[in-house]
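Please look over the sequence and the model shown below before reading on. The report that follows moves from the whole chain to its details.

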Amino acid sequence: MIYINIVGVILMGLIVWWFWLYKKQTTKVTDTIIKINVENGIYQPANITVNANTEYTMVFTRKDETPCAEILSIPKLEINEVLPLNVATSIKLPKLNAGSYPFHCQMKMYTGLIVVE
Ligand SMILES: [Cu+2]
C-alpha cells in the first residue's frame, strides 16, 4: 500500500513537471534568426522568448520523416508552411505584440511556443 502511494506521488510529480515546469524552460533568443530542428518528436528549441516589435526569421529544419511533421502552423499568425525534409525553411515573423504564440504540426504531436516580451 505504501509503495502504491509512493509511486502515485512520483507519478503526480512527473505530471506536474511535464505540464507546468517543463514548459517554462524557454530559450531566450539573442539573434533575429531562430534555428529550430524538428526531430525525435520535439521542436528544438520548442519554447522561445523573443522581444516585441522585432522582426525574426524562424528557420526550421525537419529531420523527422513523419508526414504530419511536414506542416508548421502558427495559428495566431495564420502561418501554415510545408517543411521539406532536411531542408532549412525560413519563415519570417511579423513584428509581434507581447503575448504567446503557439506553433505546432498538423496533429499537434510537435508543439512549441513563442513568448513575446
Ligand atoms: Cu504531427
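How many helices and strands make up the secondary structure of the protein chain? In this predicted model, the protein chain comes to 1 helix and 10 strands.

## The chain as a whole

Followed along the sequence, the elements of the protein chain appear in the pattern α-β-β-β-β-β-β-β-β-β-β. Along the principal axes, the C-alpha atoms of the protein chain fill a box of roughly 55 × 35 × 25 Å.

The protein chain has 117 residues, of which 33% count as buried, and it exposes about 7,700 Å², with carbon and sulfur atoms supplying 59% of that area. When contacts between residues at least 6 apart in sequence are considered, 56% of them join residues at least 24 apart.

## The copper site

Which residues coordinate the copper ion? The copper ion is coordinated by the SG atoms of Cys68 and Cys105, at 2.0 Å. Cysteine 68 belongs to the loop between strand E5 (57-62) and strand E6 (71-74), while cysteine 105 belongs to the loop between strand E9 (99-104) and strand E10 (111-116), so the pair ties together parts of the protein that are 37 residues apart in sequence.

Cysteine 68 and cysteine 105 are both buried.

## An open sheet of four strands

Strand E5, which precedes the loop that holds cysteine 68, is also part of an open sheet of 4 strands, whose order is E3-E2-E5-E8 and whose pairing is mixed. Strand E3 (42-44) and strand E8 (88-92) stand at the edges of this sheet, and each has a single partner strand, so one side of each is left without a neighbour in the sheet. From one strand to the next, the twist averages 25°.

The mixed character of the pairing can be followed at strand E5. Strand E2 (residues 33-39) pairs with E5 in the parallel sense over 6 bridges, and within this pairing the bridge partner of valine 38 in E5 is arginine 62. E5 and E8, by contrast, run antiparallel and are joined by 5 bridges; here methionine 58 has isoleucine 91 in E8 as its bridge partner, and phenylalanine 60 stands opposite threonine 89 in E8.

## Burial along strand E5

Are the residues of E5 mostly covered or uncovered? E5 is mostly covered, since 6 of its 6 residues are buried. Thr57, Val59 and Thr61 point one way from the strand, whereas Met58, Phe60 and Arg62 point the other way, and all of these are buried.

Threonine 61, found in strand E5, may serve as an example. Residues under 20% relative accessible area count as buried, and threonine 61 is therefore placed in that class at 17% relative accessibility. Apart from its neighbours within four places in sequence, threonine 61 is in contact with Ile36, Asn37 and Val38, and also with Asn86, Val87 and Ala88.

## Threonine 89 on the edge strand

Threonine 89 has its place in strand E8, which is one of the edge strands of the sheet. What is the relative accessible area of threonine 89? Its relative accessible area is 11%, and threonine 89 is therefore buried.

Not counting residues up to four places away in sequence, threonine 89 touches Met58, Val59 and Phe60, together with Glu81, Val82, Leu83 and Pro84. Among these, Phe60 is the residue that stands opposite threonine 89 in the pairing of the two strands.

Key:
Residues are numbered from 1 along each chain as its sequence is written. This is a predicted model: local features need pLDDT of at least 70, side-chain atom pairs count only at pLDDT 80 or more; totals for chains, interfaces and linings use all residues. Side-chain values use heavy atoms; hydrogens and water are left out. Donors are N, O and S atoms within 2.8 Å of the metal (3.2 Å for Na, K and Ca); water is not among the atoms, so sites may look incomplete. Buried means under 20% relative accessible area, exposed over 50%, partly exposed in between (1.4 Å probe, protein chains only). Two strands pair if DSSP finds at least two bridges between them. Axes are lines fitted to C-alpha atoms, for helices over the stretch in contact, and angles run from 0 to 180 degrees between N-to-C directions. Contact means heavy atoms within 4.5 Å. Accessible areas come from the Shrake-Rupley method with a 1.4 Å probe; for residues, only the protein chains shown count as cover.
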